[in-house]
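Visitor: I would like a close look at a single part of this assembly, namely how one chain is divided and what surrounds that division. Please take me through it slowly, and then widen the view to the other copies.

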Number of protein chains: 4
Amino acid sequence: MDFAFSPRCLEFQDRLVGFMDAHVYPAEATYAQQMAESGDPHFDPPIIEELKAEAKSRGLWNLFHPNPQYGAGLTNSEYAPLAEIMGRSAGLAPEATNCSAPDTGNMEVFSLFGTDEHKERYLQPLLDGTIRSAFAMTEPDVASSDATNIQMSMVRDGDDWVLNGRKWWTSGALHPNCKVLIVMGKTDPDAAAHAQQSMMVVPIDAPGVQLVRNLPVFGYQDREGHAEVVFENVRVPDADVLAGAGSGFMIGQARLGPGRIHHCMRAIGMAERALELLCERASSRVAFGKPLAAQANIADWVAEARIEIEMTRLLTLKAAWLMDTVGNKQARTEIAAIKVAAPNMALKIVDRAIQVHGGGGVSDDFPLASMYAHLRTLRLADGPDEVHKRTIARQELGRYRKTGKSA
Amino acid sequence: MDFAFSPRCLEFQDRLVGFMDAHVYPAEATYAQQMAESGDPHFDPPIIEELKAEAKSRGLWNLFHPNPQYGAGLTNSEYAPLAEIMGRSAGLAPEATNCSAPDTGNMEVFSLFGTDEHKERYLQPLLDGTIRSAFAMTEPDVASSDATNIQMSMVRDGDDWVLNGRKWWTSGALHPNCKVLIVMGKTDPDAAAHAQQSMMVVPIDAPGVQLVRNLPVFGYQDREGHAEVVFENVRVPDADVLAGAGSGFMIGQARLGPGRIHHCMRAIGMAERALELLCERASSRVAFGKPLAAQANIADWVAEARIEIEMTRLLTLKAAWLMDTVGNKQARTEIAAIKVAAPNMALKIVDRAIQVHGGGGVSDDFPLASMYAHLRTLRLADGPDEVHKRTIARQELGRYRKTGKSA
Amino acid sequence: MDFAFSPRCLEFQDRLVGFMDAHVYPAEATYAQQMAESGDPHFDPPIIEELKAEAKSRGLWNLFHPNPQYGAGLTNSEYAPLAEIMGRSAGLAPEATNCSAPDTGNMEVFSLFGTDEHKERYLQPLLDGTIRSAFAMTEPDVASSDATNIQMSMVRDGDDWVLNGRKWWTSGALHPNCKVLIVMGKTDPDAAAHAQQSMMVVPIDAPGVQLVRNLPVFGYQDREGHAEVVFENVRVPDADVLAGAGSGFMIGQARLGPGRIHHCMRAIGMAERALELLCERASSRVAFGKPLAAQANIADWVAEARIEIEMTRLLTLKAAWLMDTVGNKQARTEIAAIKVAAPNMALKIVDRAIQVHGGGGVSDDFPLASMYAHLRTLRLADGPDEVHKRTIARQELGRYRKTGKSA
Amino acid sequence: MDFAFSPRCLEFQDRLVGFMDAHVYPAEATYAQQMAESGDPHFDPPIIEELKAEAKSRGLWNLFHPNPQYGAGLTNSEYAPLAEIMGRSAGLAPEATNCSAPDTGNMEVFSLFGTDEHKERYLQPLLDGTIRSAFAMTEPDVASSDATNIQMSMVRDGDDWVLNGRKWWTSGALHPNCKVLIVMGKTDPDAAAHAQQSMMVVPIDAPGVQLVRNLPVFGYQDREGHAEVVFENVRVPDADVLAGAGSGFMIGQARLGPGRIHHCMRAIGMAERALELLCERASSRVAFGKPLAAQANIADWVAEARIEIEMTRLLTLKAAWLMDTVGNKQARTEIAAIKVAAPNMALKIVDRAIQVHGGGGVSDDFPLASMYAHLRTLRLADGPDEVHKRTIARQELGRYRKTGKSA
């Protein structure tokens, strides 16, 4: 048992922290100003490209990709602490280092299952950071955390497949650079439960693809956007079916594990940032004759935050380590566990940080309200807490089922 | 002991519910559309004026005012259940019935402490619903829940007072019809703690009053606005000092109690609406082969919501009844208690309703995310939870202090 | 709406508080000493009979009985605050005033459904406080909160019924004065669900009745005892079937409502006592240079306790008032709600009081650990929380079922 | 980063689990019976000596001792998972393997700071399991979690020290084999805060040592006992002052870290046992037509338990690893964190297991009520949660103090 990070991981942490301190945090105000001046919530502000250039020059690029041919070649447990650091400035750092969802998952999928053409047309520009992509999975009309519920129809017609259906929360689709969607749908409703689905590569400008609207998150219009997308007789050549028809569920599982580690570690980074803000404010704001930090109720919040962050981080790192050593399937319980634990923990800390900031906490003078809104979506994205708890409970209770009496 | 509402109160409840069902709920979509089309977050959409006319014609106007000369002449405990009903559509119903904060408090203040000129120039048009008003109390630089911290300077100069300072969360100031501010400041920093403050009447277009910006709430740009306002050498004639210099704290206390009842009852109305949405969604959404409502964890949420709503409503009604029978001062503990209990209870229920709605819950397809954001501010507005708990604890622990050992 | 108690209720409160102050609280130490010296957990210490005599002489006797022929003739909402006061010293006051469970319920049942012989042989001595009784409902082998699960067999044989089965948590059966059991069982397993059960009157010394053991509560051996009782071919004459065979469920429902009010109000009394102890200790114990009460985390506990006690009391009083005005059935949701709310609230406060008392809190130097243990059973007695929440949720969700989609 | 246990640790785990399965769990019923039959809560039942012999023969003896001269020579992080396994049967396994508190701490202290005579007279028989010992630190009259509050007076008189004072929660002192106490007191009230205290070795039969009474824990009379002990002019030769006068605080710190790891890991073992019982009961008990485990609220409890156990275990293991690698002082925050996290987590799970067991859960038919009671003391023993949170918060907030504004 060894809780120390590898030297390579520590070296990347140092380098990334250096970049954050020197460039990312100072860019937050610039970013806010450029966005406000543009008047367009989906504007691509110059500061982003500057940060990308800087990150690239510092070798902080595509850190997520486990394959050294495409990225840093780090293991999940080596990348995880880097994702945490990025999460501290979640609107800037992931994009600056080309480590944003859903591109990270899409790049992994293209590198594993893409054709040469996909790699040339999409993977390379994604790796270069010159285009963006989106992932169209969730549907408004069904509980799509259960993949078998998916309704998007994909019907064979000659050499093509014809897509009809409606997706929403297609995150990234409104980014000005977004060029391609990976779309989950049903090619064979009569197949076995996990062989019905397929994933297809669809250019965003394909005829029949309509971006209906952006979905706000609380009151926020996110820059990359969460699109509702209608597919009306969209034709997709058979070559653009990833890994062959019927592989959709399998691909989904493959991208799932790493994605959750990234999300959860970023959530932990947000929690650390929120705790930092809480401590700063509590140390400087005076009420009833002393700093808030001198009040034991606020001090308790600080202590509880520290305890809960440490525990959640360890569980997330262990899930990453299990993925690295025994694989996603064996890490199933831990992966489900962090998906529940991390956002809830972070929300609690952010909420308390808001409370310490008073009116400033709910406005945009601090990043807290936005953090809260976006962390709140994480309790739903990729399945609500309840679905993940169900997974864990079934695993746990399964051991007692031999008596034939259990659920 | 009698938990039944008075016949007059029941009659008003019926009438108000009739108005809500026939006009307010159906107007929600119209309102959203008119606001979206205007492109201006502070637009005054025609539907509002239509609702106001309808409410007036139904005798549902100025229900809040305890003085029958100015309004319905209801007691606090009679008006409270009406505020709850309005809270179910908090963006429309209070304004439609001319019962919006901060106008309600301002109208009470004008009717109690205003000069004839104030009554003619501000009170009457406010009662008529032709103008709006704002209340400038909170300051960005201090913990202003402690009135003694207020920094806004009010210095005598001849027959005038000269105001300098910065306020924020001046709610209502960005409403297109807003004409007047009631401003809290310090006229005598050397007086006894509660005689330092004064409230003055300041036209919104007075020279030196600058609306610097609107403060968003979790990304929302509220129509009435939460302004940051700078006062630079604003001159106020002595006649516009309400109840004479040094009365600011006293006036604040007077408006405080009823305002909290209104806020808390509206929060309870939001909780009821959220529970209704939760139940509807849970009854119609199917996952894992049955409606969500058939899952015991979701059913537990429903039961807990019902229990907590009932308890919080009773405490709020009791606080109102105490104000009616023994006065604000004797109801101090209860008034502080509901300010903590109601928003926290409502937030919990809204959060669970969001969870049941999945992605829809955090977007604007349902009123839940907006409810959450605005209820969250209620844990800070008019003092954070912690200040109210402190009040209650001091009251409780005071009984044990005779031993000379307590806090 | 009127939250004031009736003059009669206030007069009884005063009188009861006088008795508590003058006799009950001072008797707690005596009681503990007499019990310890006896070496017998089921000993009947002399102090109890002294308190009973004193209470009787003060007209504080059988306060619970709604029928003035048998007791004080108070309504549920008038008796409720008296039960709260008794709960403050729950090991002494209820027995001292002849208001202990399960005798209260049994006396109500005898007065409503007993024969003349029952009234003479059991009801009168119970009213006089010369004997005690027990209620045998719960069974170890089934989830008996669902009355249809009950397994105790009651088979007709000539003029008698023959009882076979096992009960546990038959509270009161080990009291030295216990003379009679009211036993719930099944007379007709083939009847409609709620007509299968009957209640029968069984002398504790009837042949075939075996008190197998006492069940401890945590480590406490309660004086009145919680017996496991085996019934082996116990013969009961048909005259001792209360209200005729098949009436068991109906009788159960009748005793249910008032019993819950009593339990919940006593729980609130315990919470008040615990809060009092917490405040006293926090005001006198010094750590880190000041009394614990001066620490904001402890002060928050005090405030939260005050808020939660007030809310729970109001809900319980409303449930009592509904029972008085519209009947148990219409008060179903509220009766279920308080059964969940009151013990959980009280446990939280007692737990925090323990925390403030340090090691003393978990020992018997203060009544807190015992309160905790006994309040904890209340979350199970008469159905676990989950069953009551289920009742509430079904009621609430029923309104949405018209769509045919709900649970 | 490597979450795998060392081969040696895994080997010990296997061996210990084998012993638990073959001997310890089956002995639980025997133990209960022998204790009940003895009628003496402090009886030493034969089964204990049988288990000790068996454990010794299996090489499962003194596993806790880090020095291979005295025990297994395991690191803290190697021993921790063994303590967890022992915690699953906390009344038997630690004593069976000679790993019970407070002997473990006392043996460490004797081996580090004892004289040759101490080693011969006390350490060796303790290592052999032929005697037991106690640790007298806590005092009834002060908040003794702050060592500077300690009042026990130790005054030099010739070659002796004379002890006067009152201790309580001197755990182990009522074990029939207890021969010696290590006593903390003040030798120099005028010295610097952490040089005032000394620890002395006092035979339990020294003149002037009086065991006043045993303190029950939620009604339980523990076998080893929690004694209140009065010291009246107890004379202690200077040779029995451990490490010289003034070293008390230093010795306390040294024993502190490992002790907390042991306590917390045992708490985690109890949580695992409780979860196991919960799952078994929920899988076999049927209500409303299906096993409890098929109800989503109960399944959520299972999932939450699994998540929280995993997180708490990881944090405890990390604290152990930090102690092994950088020392107690550097692990200060983590050691405080687990002291808060582990008992609270375990209490929550045990409480839910009780709830699933109904009446059985609060009685002695299952180990749950006893677990609850004893885990509850752990939130107080060695300082209440609030003191540990204070430590963590001060550490965290210290980073922000440079501004001169913080607590």
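Guide: In this predicted model, chain A is divided into domain 1 (7-128), domain 2 (132-243) and domain 3 (250-403). The C-alpha centres of domain 1 of chain A and domain 2 of chain A are 24 Å apart, and where these two domains meet, 14 residues of domain 1 of chain A are in contact with 19 residues of domain 2 of chain A. On the side of domain 1 of chain A that touches domain 2 of chain A, the elements giving two or more residues are α5 (103-113) and α6 (116-128) of chain A, and α5(A) makes the largest contribution, with five residues. Sorted by class, that side of domain 1 of chain A holds six nonpolar, six polar and two charged residues.

For the stretch 134-234 of chain A there is also a record to consult: UniProt, in an unreviewed entry, places there the feature "domain: Acyl-CoA oxidase/dehydrogenase middle". In the model, residues 134-234 of chain A are 0% helix and 50% strand, and the C-alpha atoms at the two ends of the stretch are 16 Å apart.

Two residues of chain A deserve attention for their backbone angles. Most residues other than glycine have a negative phi. N98(A), although not a glycine, has a positive phi of about 55°, and its place is in the loop between α4 (93-96) and α5 of chain A. N98(A) counts as buried because 24 other C-beta atoms lie within 10 Å, the cut-off for that label being 20 or more. D382(A) likewise is not a glycine and has a positive phi, here of about 65°, and it is found in the loop between α11 (368-378) and α12 of chain A. With 17 other C-beta atoms within 10 Å, D382(A) is therefore classed as partly exposed.

The loop between α4 and α5 is also worth following into other chains, now for a peptide bond. Most peptide bonds are trans. In chain C, however, the bond from A101(C) to P102(C) is cis, with omega near 0°, and P102(C) lies in the loop between α4 (93-96) and α5 (103-113) of chain C. In chain D, the bond from A101(D) to P102(D) is cis, with omega near 0°, and P102(D) is found in the loop between α4 (93-96) and α5 (103-113) of chain D.

Chain D has a glycine to examine as well. G71(D) sits in the loop between α2 (46-57) and α3 (76-87) of chain D, and it is counted as buried because it has 21 C-beta neighbours inside 10 Å. Setting aside neighbours within four places in sequence, G71(D) is in contact with N62(D), L63(D), F64(D) and H65(D). G59(D), twelve residues away from G71(D) in sequence, is 9.9 Å from it in space, C-alpha to C-alpha.

Returning to chain A, one can ask what it contributes where it meets chain D: 45 residues of chain A are in contact with 45 residues of chain D. On the side of chain A that touches chain D, α7 (248-284), α8 (296-325), α9 (332-357) and α12 (385-398) of chain A each supply at least two residues, and α8(A) gives the most, with 15 residues. By class, this side of chain A has 25 nonpolar, eight polar and twelve charged residues.

Between chain B and chain D, four residues of chain B are in contact with four residues of chain D, and the chain B side divides into one nonpolar, two polar and one charged. Chain B can be laid on chain D by a turn of 180° and a shift of 0.0 Å along the axis, with an RMSD of 0.0 Å, and that is the relation of a two-fold axis. Within chain B, the C-alpha nearest the axis belongs to N297(B), at 2.1 Å from it. Since 100% of the interface residues of chain B are also interface residues in chain D, the copies meet through the same surface.

A last element is helix α11 (residues 368-378) of chain C, which is mostly covered, with eleven of its eleven residues buried. Among the buried residues of α11(C) are L368(C), M371(C), H374(C) and R376(C). What covers them includes α7 (248-284), α9 (332-357) and α10 (359-362) of chain C, together with α10 (359-362) of chain D.

Methods
Residues are numbered from 1 along each chain as its sequence is written. Chains are lettered from A and ligands numbered from 1 in the order in which they are written. This is a predicted model: local features need pLDDT of at least 70, side-chain atom pairs count only at pLDDT 80 or more; totals for chains, interfaces and linings use all residues. Helices (H or I, at least four residues) and strands (E, at least two) are DSSP runs, numbered from the N terminus. A residue is buried if 20 or more other C-beta atoms lie within 10 Å of its own, exposed if 12 or fewer, and partly exposed in between; C-beta atoms are placed from the backbone. Two residues are in contact if their C-beta atoms, placed from the backbone, lie within 7 Å. Domain bounds come from an automatic or database domain assignment. Ala, Val, Leu, Ile, Met, Phe, Trp, Tyr, Cys and Pro count as nonpolar, Asp, Glu, Lys and Arg as charged, and the others, Gly among them, as polar. UniProt positions are given in the numbering used here, feature names are shortened, and annotations may be inferred rather than shown by experiment. Copies are superposed by least squares on the C-alpha atoms of residues with pLDDT of at least 70 in both.
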